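Student: I should like a close look at a single part of this structure, with the reasoning set out step by step. Please begin with the cysteines and proceed from there to the surrounding element.

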Amino acid sequence: MAELPYRSWVEVSRARIAANYNAVQAAVGPAVEVLGVVKADAYGHGAVEASRVLSAAGARWLAVSSVEEGVALRSSRIDARILVMGGFFSYEVDALEEHALTPVVHDARDIALLRDRAIRFHLKIDSGMNRMGTSAPAAEIADALRPAATQCEGLMTHFSSAADYSSLQTEQQMERFKCICIALRQVCPLPRYLHLSSTNAIAYNRREAWQNMVRPGHAIYGYVSPARGESPARILEVSPALAWKAKIALVKDVPEGAAIGYGGSFRAPRPMRIGVLSVGYADGFPHRLSNKGKVIAAGKFAPVVGTVSMDLTTVDLSNAPSLKAGDTVTLLGEEDGAVLDAQQIARIAGTISYSVLSGISARVKRVYL
Ligand SMILES: *Cc1c(COP(=O)(O)O)cnc(C)c1O
């Protein structure tokens, strides 16, 4: 691609997002609705553009975290159904109705806030993660649901350890969800959609947990978490949709013994060529990569030397002598067969790929291919 006039940018492949979505749909089959999760600006990929791509690929449902994220999509004329997974506050009920957003209700008592409104909702059961969702007994849920049964179009839960085959937590969560469904069915018809699975429960083939809707996020952007324990074979192949680049602001040769960056935490063991990159932790390049991370420069790995600064990062360019100020390096992506993905970066930084991707800040330009 031609040189771009940005200090740091990400290149997002629309085709990859569409292909990943299609791969999920093919894995679960046509009877299962695939809702595309675009919360947190589509894990850093840009929620509006990702939503357009997913809608064009056939997604009838999208999911965001907050009412605000849902309203932003509506303002960009995204007309798919939008599930607001993080719940809502009472002051947001008007906005839910006005923008035709579908909230997830996490406390059966909140159902009353939606009564007599043109709002459909999904009810989340806390099946054992002990985070969001109601943990009320089935009888109590049924009582709250009965007067609003026509507004309830989904019953859902969320797994805390779906890729962990050394634990029975997922089986226990499925059992708990099933018990609630059975109890509710005694008193009212079950809602149209039942959904439990995000990326890992899809990729590791936990079919009993697919029901008639799944909620992939990570997979849409090209990632599946590694499994723990003895997992079944993965049934889903996806590939990363995002590459992250930065320009070299300055190249300089330093003598042996030179102390690089804040705190002088790196001392050049020999004369070295240093590249100063125009990216830092304010862009989302993790500070924890200080003296540990690497980037790809002219197709070769170049280690991060010294601490990552707010707006700048120093790397050892000794193996890429042809590079000069104004040239581009790859922070995440592929160059001449050298690959660095969000999971590799996360491992080095002691975090998770979700955090690396969603942490790429708004200052980094998004470019769509
Ligand atoms: C974020 C989220 C998802 C998507 O999870 P992935 O692991 O990214 O597929 C699904 N459901 C809920 C409730 C979530 O919060």
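Tutor: A search of the whole structure, which is a predicted model, finds zero disulfides. A disulfide is a covalent bond between the sulfur atoms of two cysteines, and the cut-off applied here is a sulfur pair within 2.5 Å. For Cys 181, the closest cysteine sulfur belongs to Cys 179 and lies 9.3 Å away, which is too far for a bond. Cys 188 has its closest cysteine sulfur in Cys 152, at 8.0 Å, and that separation is likewise too far for a bond. Both cysteines are buried: the relative accessible area of Cys 181 is 8%, and that of Cys 188 is 9%.

Cys 181 leads to helix α8, since it is one of the buried residues of that helix. Helix α8 covers residues 169-187, and its 19 residues should span 27 Å at 1.5 Å a residue; the end C-alpha atoms are 28 Å apart, in agreement with that expectation. Besides Cys 181, the buried residues of α8 are Thr 170, Gln 173, Met 174, Phe 177, Ile 180 and Leu 184. Viewed down the helix axis, the buried residues fall within an arc of 125 degrees, and therefore line one face of α8. The spacing has a general basis: an α-helix has 3.6 residues a turn, so residues three or four places apart point the same way.

The buried residues of α8 pack against α7 (138-145) and against two strands, β8 (152-156) and β9 (193-197). On the other side of the helix, Gln 172 and Gln 186 are exposed.

Technical notes: Residues numbered from 1 in each chain as written. Predicted model: local features only at pLDDT ≥ 70, side-chain atom pairs only at ≥ 80, totals over all residues. Heavy atoms only, no water. Helix = DSSP H or I, 4+ residues; strand = E, 2+ residues; numbered from the N terminus. Expected span 1.5 Å × (residues − 1). Buried < 20%, exposed > 50% of the residue type's maximum accessible area, 1.4 Å probe, protein only. Arc of directions from axis to C-beta. Contact = heavy atoms within 4.5 Å.
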